Amino acid sequence: MSTKTTVLVSGIILLVLALPLLVQAMRHPQPVADAVVPQAPTVPLASLTPATPVATPLQPVVLNKQIFQEIQSRRGMAYADCVKMIGSEGRSVSPPAQGMQSYRWDLPDGSYQKLTFAQGRLAGGGSGRDRPEHPIIGTEWARTLERAARAAGKPVSITVDAFERLQNGVSYAECVKTIGSEGIRFSFGNSQGEYSQGDVATFVWSNPDYEARIQFRQDRLFNKMWTGRPDLQTSSR
């Protein structure tokens, strides 16, 4: 036989001899050793220090008139935007009526600021200072108090005579001319108790122990009254 034939026959013989071993290896594969994953060092629980939360102190909201002056110059702002600028919610001071709602903020100096919203948008604002409710007194009692004030040398900003000359329908400027001095703006709002610019305004002229309150609707006088201190005897009214 030639050399090539001899090599071919030898290869066939070797393949025949190795075939059973290949079949056995395929039927019974050897398990592969698991890969070794390095473990992190174990730290005892006792040595762990819990993280201490950092407390953020709450800063008190300090209200001031400048904030409200800035807000009142931006008519049409939403209530939420006003609260964001002020830093706190307002206290509702009037029930919603015809889409109007008023809120109040108390300032550290004892005064307060009010904002009125129409359909959820800023429509006006104002300020004031709380005072005790004064009882209404009659004209004769006011005249008695006026005489007592003059006898004691106390100033009188409005006389009973001037008060009596004020007629319904006159303007605030005409009232000032008759009385002789400006009044102090006490409040403004409409007849439902809602506060809106330019509707109803109340001005006060104070005398010792008593005062005159005069109300205007659209700058026309429609109501006036004398009021005294809460502790004032008013049996003669």
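This is a friendly dialogue on how to read several features of a predicted model.

Reader: Where should I begin? Which residues have the most contacts inside the largest nonpolar core?

Author: Begin with the buried nonpolar side chains that touch one another, since together they make up a core. In this predicted model, the largest nonpolar core has 21 residues, and those with the most contacts inside it are Ile137, Ile158, Trp205, Ile214, Phe216 and Trp226. Two or more residues of this core come from each of the helices and strands α4 (139-151), α5 (160-165), α6 (172-179), β7 (200-207), β8 (210-217) and β9 (220-228). Apart from that core lies another, of 15 residues, with Ile71, Tyr79, Trp105 and Phe117 among them.

Reader: Strand β7 is on that list. How many of its residues are buried?

Author: A residue counts as buried when its relative accessible area is under 20%. In β7, seven of the eight residues are buried, so the strand is largely enclosed by the rest of the structure.

Reader: And which sense do β7 and β8 pair in, parallel or antiparallel?

Author: For pairing, look at the bridges between two strands. Here β7 and β8 pair in the antiparallel sense, over eight bridges. To find your place along the pair, note that Val200 stands opposite Arg217 in β8. The hairpin of these two strands has two residues between them, and Asp209 takes a positive phi near 75 degrees there.

Reader: What should I know about side chains along a strand?

Author: In a regular strand the side chains alternate between the two faces of the sheet. Now turn to a residue of β8, Arg213. Arg213 is buried, with a relative accessible area of 9%. The side chain of Arg213 makes a polar contact of 3.1 Å with the side chain of Glu211.

Reader: Let me try charges next. How many salt bridges does the structure hold?

Author: To spot one, look for a side-chain nitrogen of Lys or Arg within 4 Å of a carboxyl oxygen of Asp or Glu. The structure holds seven salt bridges. One of them joins Arg74 and Glu70, with the closest N and O atoms 2.7 Å apart. Arg74 is partly exposed at 38% relative accessibility, and Glu70 is partly exposed at 34%.

Reader: Which parts does the salt bridge of Arg143 and Asp161 tie together?

Author: The side chains of Arg143 and Asp161 meet in a salt bridge of 3.3 Å, N to O. Arg143 lies in helix α4 and Asp161 in helix α5, so this pair ties together parts that are 18 residues apart in sequence. Arg143 is partly exposed, with a relative accessible area of 25%, and Asp161 is partly exposed at 45%.

Reader: Which residues are joined into one network by salt bridges that share partners?

Author: Those residues are Arg91, Arg104 and Asp106. Let us stay with Arg104, which is found in strand β2 (residues 100-106). Arg104 forms a salt bridge with Asp106, the closest N and O atoms being 2.7 Å apart. Arg104 is buried, with a relative accessible area of 12%, whereas Asp106 is partly exposed at 41%.

Reader: Which ring does Arg104 lie over?

Author: When a charged side chain sits over a ring, check the distance to the ring centre. Arg104 lies over the face of Tyr112, at 4.1 Å from the ring centre. You can see another case at Arg217, whose charged end sits over the ring of Phe222, 4.1 Å from its centre.

Reader: Now for rings that meet rings. How many aromatic pairs does the structure hold?

Author: The structure holds ten aromatic pairs. Tyr103 and Phe117 form one that is edge-to-face, with 5.9 Å centre to centre and 75 degrees between the planes. Planes over 60 degrees apart count as edge-to-face, which is why this pair gets that label. Tyr103 lies in strand β2 and Phe117 in strand β3 (residues 111-118), so the pair ties together parts that are 14 residues apart in sequence. Both Tyr103 and Phe117 are buried.

Reader: Which residues form one aromatic cluster?

Author: Tyr172, Phe203, Trp205 and Phe216 form it. You have met Trp205 and Phe216 already, among the residues with the most contacts inside the largest nonpolar core.

Technical notes: Residues are numbered from 1 along each chain as its sequence is written. This is a predicted model: local features need pLDDT of at least 70, side-chain atom pairs count only at pLDDT 80 or more; totals for chains, interfaces and linings use all residues. Side-chain values use heavy atoms; hydrogens and water are left out. A nonpolar core is a set of buried Ala, Val, Leu, Ile, Met, Phe, Trp, Tyr and Cys residues joined through side-chain atoms within 4.5 Å. Buried means under 20% relative accessible area, exposed over 50%, partly exposed in between (1.4 Å probe, protein chains only). Helices (H or I, at least four residues) and strands (E, at least two) are DSSP runs, numbered from the N terminus. Two strands pair if DSSP finds at least two bridges between them. A polar contact is a pair of N or O atoms within 3.5 Å; within protein, one must be able to donate a hydrogen and the other to accept it, and residues adjacent in sequence count only if both atoms are side-chain atoms. Rings of Phe, Tyr and Trp (its six-membered ring) pair if their centres lie within 6.5 Å; planes under 30 degrees apart count as stacked, over 60 as edge-to-face and the rest as tilted. A charge sits over a ring if NZ of Lys or CZ of Arg is within 6 Å of the ring centre and within 35 degrees of the ring normal.
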